[in-house]
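Biologist: I should like to learn how to read the features of a protein model. Might we go through them one at a time?

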Amino acid sequence: MSDIAQTIASFNAGRDPERLAMKYKLMRSSPFVFLRGTCHLFYAGLPRSKVLDDAPPVWICGDMHLENFGSYKADNRLVYFDNNDFDEACLAPNLYELVRLLTSVMVGAADLKLSRAQALALCQTAVEAYGAALTFGKARWIEPETSVGMVRELFDALTSRSRAAHLDRRTTLKGKTRVLKVDGKKALPVSDEARAAVTSFMQTIAASETDPGFYRVLDVARRIAGTGSLGVDRYVILVEGKGSPDGNFLIDLKEALPSSVVPHVKTSQPKWHTEAQRVVEIQRRNQAVSQAFLRAVDFNQRSYVLRSLQPSEDRVALADWDGKLPRLEEVVNSMAQLSAWAHLRSGGRQKSSIADELIAFGQRRDWQLPLIDLAVQSEARVVADWKTYCDAYDRGAFGLQAKK
């Protein structure tokens, strides 16, 4: 087994083998999917660079890439577009965030059918938009009225979505009662033991709520979602909500693991009570308004993040850029701005940089080209690692065989 394959296998040791097999197969499909599934490998191989080490410390999501932004309904019942994945979140130099976003643009160019010149132009768009948003010095957000281009198209599409239709996609009706679709695409069957444990846990949650009947469990399954988190202990829970059949709600319960970024940064981290507290607290700091039901919980003596699954959750269909680069530039511009606004919004918390320091950094230009150069180096390494991984996968190094 190659060093790359050994590192990947060691990192994923002990995770759900069925979902892990799905992850490994997905990672075989393209360098971009491989990048999404190997955040730990990205930071382990990121070259030490003065441009990174001299950057101001901020609260980063840790896994910034083109697919980790999306729409969601917040706890104020309004819909926003924002970064939506904080599993790897930590305190780190701000350019650790941006170099992963730029690398995802370069690595994802082939999947999006972008030329190299177009990908580099998008990287330039990102660094300029990030710097300008920091320089302005005020955190904003993106909602339907402030969105543009493909993000606006996403919001427009959401207006026609209903809870009943959302439930119909994820469940089937048996009489007037819904059960989860265990289709091997979004959900897998759960053992009787796990079902009982999740149900008992939700009863504990319900006992402290003003409407305990809302959390009455109707069904439980293992959830399939994302790439990096495939294999992590995760459940989708169908609850009574506001009444069966169409008032039911879907709940996501996901184990929180240590950030794979932390071992590779020199920034001192605060002591969190649990990994889930880290994820939830940083998400609350960085987002303008947090997702509904978001909370850190303890389940089976481990830490988990609990949140709702909603009809309003979706990503921008980047492949629909229709060969018009300005459409992608608007999306990347929004992503870079959201990153800057998150860093400004959470500034001054537990040794993160204050707004004045971030404004001063945004006014500089000396970091922009070196950061793009670093992303190009990282792109080459990711592609090389992917080819090594593909060879190991095809030889059955993971106990699997590729289906091309």
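Biologist: Which strands does helix 9 lie across?

Modeller: Please bear in mind that this is a predicted model. Helix 9, residues 163–170, lies across strand 8, strand 9, strand 10 and strand 12. Its direction is at about 55° to strand 10. Helix 11 also packs on the sheet, where it touches strand 11 and strand 12. The direction of helix 11 makes about 40° with that of strand 12.

Biologist: In what order do the strands of the open sheet follow one another?

Modeller: The order is 7-8-9-10-12-11, six strands with antiparallel pairing. Strand 7 (187–188) and strand 11 (295–299) are the edge strands, each pairing on one side only. At one edge, two bridges join strand 7 to strand 8, residues 217–223, in the antiparallel sense. There, Ala-187 stands opposite Arg-223.

Biologist: How many bridges join strand 9 to strand 10?

Modeller: Six bridges connect strand 10 with strand 9 (residues 234–239), and the two run antiparallel. One of the residues to locate is Arg-234, whose bridge partner in strand 10 is Lys-254. Strand 10 also pairs with strand 12, residues 302–309, in the antiparallel sense over six bridges. In that pairing, Glu-255 is opposite Tyr-304 of strand 12.

Biologist: How should one read the two faces of a strand, and which residues of strand 10 lie on each side?

Modeller: In a regular strand, side chains alternate between the two faces of the sheet. In strand 10, Phe-249, Ile-251, Leu-253 and Glu-255 lie on one side, with Leu-250, Asp-252 and Lys-254 on the other. Both faces are covered, and seven of the strand's seven residues are buried.

Biologist: How are two packed helices described, and at what angle do helix 6 and helix 14 pack?

Modeller: Two packed helices are described by the angle between their axes and the distance between those axes. Helix 6 (residues 94–112) and helix 14 (residues 368–394) pack at about 55°, with axes 8 Å apart. The two helices are therefore oblique to each other, and their crossing is right-handed. Residues making the contact include Leu-98, Leu-102 and Met-106 of helix 6, with Ile-372, Ala-375 and Val-382 among those of helix 14.

Biologist: Turning to single residues, is Arg-327 buried or exposed?

Modeller: A residue is called buried when its relative accessible area is under 20%. Arg-327 has a relative accessibility of 16%, so it counts as buried. This residue belongs to helix 12, residues 325–345. Its side chain makes a polar contact with the side chain of Glu-153 at 2.8 Å. The Arg-327 side chain also reaches the backbone oxygen of Trp-321 at 3.5 Å. Beyond four places along the sequence, Arg-327 touches Met-150, Glu-153, Asp-320, Trp-321 and Asp-322.

Biologist: Where is Glu-67 placed?

Modeller: Glu-67 is in the loop between strand 1 (57–60) and strand 2 (69–73). With a relative accessible area of 17%, Glu-67 is buried. Its contacts more than four places away in sequence are Phe-32, Arg-36, Arg-315 and Leu-318.

Biologist: What does the side chain of Thr-274 reach?

Modeller: The side chain of Thr-274 reaches the backbone nitrogen of Gln-277 at 3.0 Å. Thr-274 occupies the loop between strand 10 and helix 11 (275–286). Its relative accessible area is 25%, so Thr-274 is partly exposed. Leu-250 is 24 residues from Thr-274 along the chain, and their C-alpha atoms are separated by 24 Å.

Note on methods: Residues are numbered from 1 along each chain as its sequence is written. This is a predicted model: local features need pLDDT of at least 70, side-chain atom pairs count only at pLDDT 80 or more; totals for chains, interfaces and linings use all residues. Side-chain values use heavy atoms; hydrogens and water are left out. Helices (H or I, at least four residues) and strands (E, at least two) are DSSP runs, numbered from the N terminus. Buried means under 20% relative accessible area, exposed over 50%, partly exposed in between (1.4 Å probe, protein chains only). A polar contact is a pair of N or O atoms within 3.5 Å; within protein, one must be able to donate a hydrogen and the other to accept it, and residues adjacent in sequence count only if both atoms are side-chain atoms. Contact means heavy atoms within 4.5 Å. Two strands pair if DSSP finds at least two bridges between them. Axes are lines fitted to C-alpha atoms, for helices over the stretch in contact, and angles run from 0 to 180 degrees between N-to-C directions. Angles under 35 degrees count as roughly parallel, over 145 as roughly antiparallel, 65 to 115 as roughly perpendicular and the rest as oblique. A crossing is left-handed if the near helix is turned anticlockwise from the far one by less than a right angle, and right-handed if clockwise.
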